[in-house]
Amino acid sequence: MGSADRVAAIEARGVGMVYNRKRTSLVALEAIDLTVKKEEFVSLLGPSGCGKTTLLKLISGLLPPSAGAIMVEGAPVLGPQRKIGIVFQTPALMKWRSVEKNVMLPAEVLGLERKKSRQRAQELIDLVGLTGFERKYPHELSGGMQQRVGIARALIHDPSILLLDEPFGALDLMTRSQLNLELLRIWSERRQTSLLITHSIPEAVFLSDRVVVLSARPGRVLDILEVSLPRPRTPEMRVGRKFVELVDQVSRRIGLEYA
């Protein structure tokens with residue numbers, strides 16, 4: 001294995017984040033140490049307000065940390081970069097743009113070649129199961145379909161790292177379950193390093209190689225749990241004994257902290 005292969009996709013070293021306001025300061029994160037390997041799928045679990053979204057913003061370069069350093073593929077994060085794609089809690093689609101044009105938006109912003117970007121947009125629309133909806137507008141799509149557009153949009157510039165900020169939290173259980181399978185399929189085909197924020201323990205276990213448990217604010221890494229389920233993952237695994245045991249293990253670890 002070459003030295004380039006050993007470089008972590010994401011590495012946080014002693015990362016802290018303080019939001020300074022007029023009369024007070026809010027410590028969101030404290031002494032975060034975390035490494036995500038290339039092509040790994042990792043989930044972040046923790047209570048609301050513990051700094052999960054803040055950590056994703058720091059990794060993506062949308063915010064600078066107050067302390068410590070973040071490296072992406074061996075280089076310090078100094079601002080937003082093309083190698084990262086982000087899927088937000090809500091898809092935030094432009095209502096006046098069609099599915100195809102919403103997917104192509106980052107390519108336009110980055111000034112990528114239009115013909116190739118349009119071909120790639122079609123490939124991604126096919127990949128997320130929206131073939132035939134290219135000319136539809138957001139108001140004509142269900143919530144799950146809109147989130148599929150958000151995933152395709154995040155992949156249009158071919159990032160090596162995908163950050164997902166609780167993208168399925170607002171969806172009904174059946175749609176969420178289906179999109180879990182779609183996300184796994186996309187990850188299996190593309191192998192983008194993925195870091196997912198979720199409040200669902202079963203979702204984290206089903207999707208991930210490892211689950212990172214964060215404390216209440218200020219967020220600190222309490223534990224990192226390996227998910228010893230074989231890949232490829234199948235829907236049947238979610239009712240299997242090993243899966244139930246892993247969900248229980250993570251639940252008990254969280255329960256010890258938040259009881």
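## Close-up views of a predicted model

**View 1. What lines the largest pocket.** By class, 12 nonpolar, five polar and two charged residues make up the lining of the largest pocket. Keep in mind as you look around that this is a predicted model. The space inside the largest pocket comes to about 470 Å³. Its lining counts 19 residues, and those closest to the pocket centre are I84, I86, F88, P106 and H157.

**View 2. Elements around the largest pocket.** Three elements each give two or more residues to the lining: β6 (84–87), α3 (99–110) and α5 (143–155). Which of the elements gives the most to this lining? It is α3, with four residues.

**View 3. The open sheet of six strands.** Follow the strands in the order β6-β7-β8-β3-β9-β10, and you will meet mixed pairing along the way. Strands of a sheet pair through backbone hydrogen bonds, either parallel or antiparallel. At the edges sit β6 and β10 (221–226), each of which pairs on one side only. From one strand to the next, the twist averages 15°.

**View 4. A parallel pair, β3 and β9.** Here strand β3 (residues 41–45) runs parallel to strand β9 (residues 210–214), and the two pair over four bridges. To find your bearings, look for S43, which stands opposite V211 in β9.

**View 5. Helix α5 against the sheet.** α5 packs on the sheet, where it touches β6 and β7 (161–165). The direction of α5 makes about 170° with that of β6. You have met both α5 and β6 already, as elements that give residues to the lining of the largest pocket.

Note on methods: Residues are numbered from 1 along each chain as its sequence is written. This is a predicted model: local features need pLDDT of at least 70, side-chain atom pairs count only at pLDDT 80 or more; totals for chains, interfaces and linings use all residues. Side-chain values use heavy atoms; hydrogens and water are left out. On a 1 Å grid over the protein atoms alone, a cavity is a set of points where a 1.4 Å probe fits but cannot get out, and a pocket is an open set with protein on both sides within 12 Å along at least five of seven lines; lining residues have an atom within 4 Å of a point. Grid points are joined across faces, edges and corners, and a volume is the space filled by probe spheres set on the points. Ala, Val, Leu, Ile, Met, Phe, Trp, Tyr, Cys and Pro count as nonpolar, Asp, Glu, Lys and Arg as charged, and the others, Gly among them, as polar. Two strands pair if DSSP finds at least two bridges between them. Axes are lines fitted to C-alpha atoms, for helices over the stretch in contact, and angles run from 0 to 180 degrees between N-to-C directions. Contact means heavy atoms within 4.5 Å.
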